[in-house]
Structure formats: structure tokens, C-alpha cells
Amino acid sequence: ATGRELSTSGYIGWQPIVIDCLNRTASISGVDVTRRLGRRDFPSIAPGGDTTLALMCSGTNGSISIEWHDTYI
């Protein structure tokens with residue numbers, strides 16, 4: 001709905017990719033892979049708000065698990 005998009009191309013493997021929307025970075029196993037992102041429109045959720053995520057991918061095998069954590073300041 002907001003038009004924000006994160007995208008990457010290429011093989012990611014079975015390691016989790018961690019997206020840090022506050023710092024606008026991406027990492028795999030602690031290694032910064034932000035440069036591999038094709039689009040960098042990091043999403044945000046306003047206090048009391050919500051979001052909907054959509055996944056588009058190519059290939060025949062795979063799975064995804066998404067965890068969203070609040071930032072406490």
C-alpha cells in the first residue's frame with residue numbers, strides 16, 4: 001500500500017537475512033550485505049500502526065519466516 005520495497009537478487013541460502021529498518025542495513029551471519037539490495041525503501045510502522053508484508057520470489061524450493069521487533073528508545 002505504501003509502495004515501499006526491499007529487493008535483492010541472487011542466492012541467499014539458508015542463513016537468515018536480517019533487515020534493520022532503523023539503521024537501513026541488511027546482514028547475513030553478521031556480514032553487511034546492504035550493497036546487494038536493489039531497492040532500499042525500508043519500511044517503518046508508526047506507533048499503534050500495522051503493516052502487511054508481501055513476498056515475491058522465483059524458484060521451486062524455499063521458505064520464509066518473518067519476525068518484526070519493536071525498537072525501544
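Is Thr8 buried, exposed or partly exposed, and what is its relative accessibility? Thr8 counts as partly exposed, at 33% relative accessibility, where buried means under 20% relative accessible area, exposed over 50%, and partly exposed in between (1.4 Å probe, protein chains only).

## Ground rules

This is a predicted model, so local features need pLDDT of at least 70 and side-chain atom pairs count only at pLDDT 80 or more, while totals for chains, interfaces and linings use all residues. Residues are numbered from 1 along each chain as its sequence is written, and side-chain values use heavy atoms, with hydrogens and water left out.

## The overall layout

Going by secondary structure, the chain has zero helices and five strands, so its pattern along the sequence reads β-β-β-β-β, given that helices (H or I, at least four residues) and strands (E, at least two) are DSSP runs, numbered from the N terminus.

Buried residues make up 10% of the 73 residues in the chain. About 6,500 Å² is exposed, and carbon and sulfur atoms supply 51% of that; areas like this come from the Shrake-Rupley method with a 1.4 Å probe, and for residues only the protein chains shown count as cover. As for contacts (heavy atoms within 4.5 Å), look at those between residues at least 6 apart in sequence: 43% of them join residues at least 24 apart.

## The sheet

Three strands line up as an open sheet in the order 2-3-4, with antiparallel pairing. Its edges are strand 2 and strand 4 (31-32), each of which pairs on one side only. Pairing here asks for at least two DSSP bridges between two strands, and strand 2 and strand 3 (residues 25-28) have four, running in the antiparallel sense. Across that pairing, Ile19 stands opposite Ala26 in strand 3.

The hairpin of strand 2 and strand 3 has four residues between the strands, and Arg24 takes a positive phi near 55 degrees there. As a reminder about strands in general, side chains alternate between the two faces of the sheet when the strand is regular.

## Ile17 on strand 2

Ile17 sits in strand 2 (residues 17-20) and is partly exposed, with a relative accessible area of 33%. Setting aside neighbours within four places in sequence, Ile17 touches Ala26, Ser27, Ile28 and Val33. For one of these, Ser27, the C-alpha atom is 5.7 Å from that of Ile17, although the two residues are 10 apart along the chain.

## Strand 1 and what it meets

Back to Thr8, which lies in strand 1. Beyond its neighbours within four places in sequence, Thr8 is in contact with Arg36, Leu37 and Gly38. Its C-alpha atom is 9.8 Å from that of Val33, 25 residues away along the chain.

Ser9 belongs to the loop between strand 1 (6-8) and strand 2, and it is exposed, with a relative accessible area of 59%. The C-alpha atoms of Ser9 and Leu37 are separated by 7.5 Å, with their positions 28 residues apart in sequence.

## The nonpolar core

The largest nonpolar core is made up of five residues: Ala26, Ile28, Val33, Leu37 and Phe42. A core here is a set of buried Ala, Val, Leu, Ile, Met, Phe, Trp, Tyr and Cys residues joined through side-chain atoms within 4.5 Å.

Phe42 has plenty to touch outside its neighbours within four places in sequence: Arg4, Leu6, Ile19, Asp20, Cys21, Arg24, Thr25 and Leu37.

## A nonpolar surface patch

Out on the surface, Ile45, Leu53, Leu55, Ile64, Ile66 and Trp68 form a nonpolar patch with about 550 Å² of accessible area together. Patches are made of residues with over 30% relative accessible area and no salt bridge, with like charges joined within 9 Å and nonpolar side chains (Val, Leu, Ile, Met, Phe, Trp, Tyr) within 5 Å. Ile45 comes in the segment after strand 5 (37-40) and is partly exposed, at a relative accessible area of 32%.

## One salt bridge

Side chains of opposite charge can pair when their charged atoms come close. With a salt bridge taken as a side-chain nitrogen of Lys or Arg within 4 Å of a carboxyl oxygen of Asp or Glu, the count comes to one. Arg39 and Asp41 are the partners, their closest N and O atoms being 2.5 Å apart. Arg39 is partly exposed at 34% relative accessible area, and Asp41 is partly exposed at 26%.
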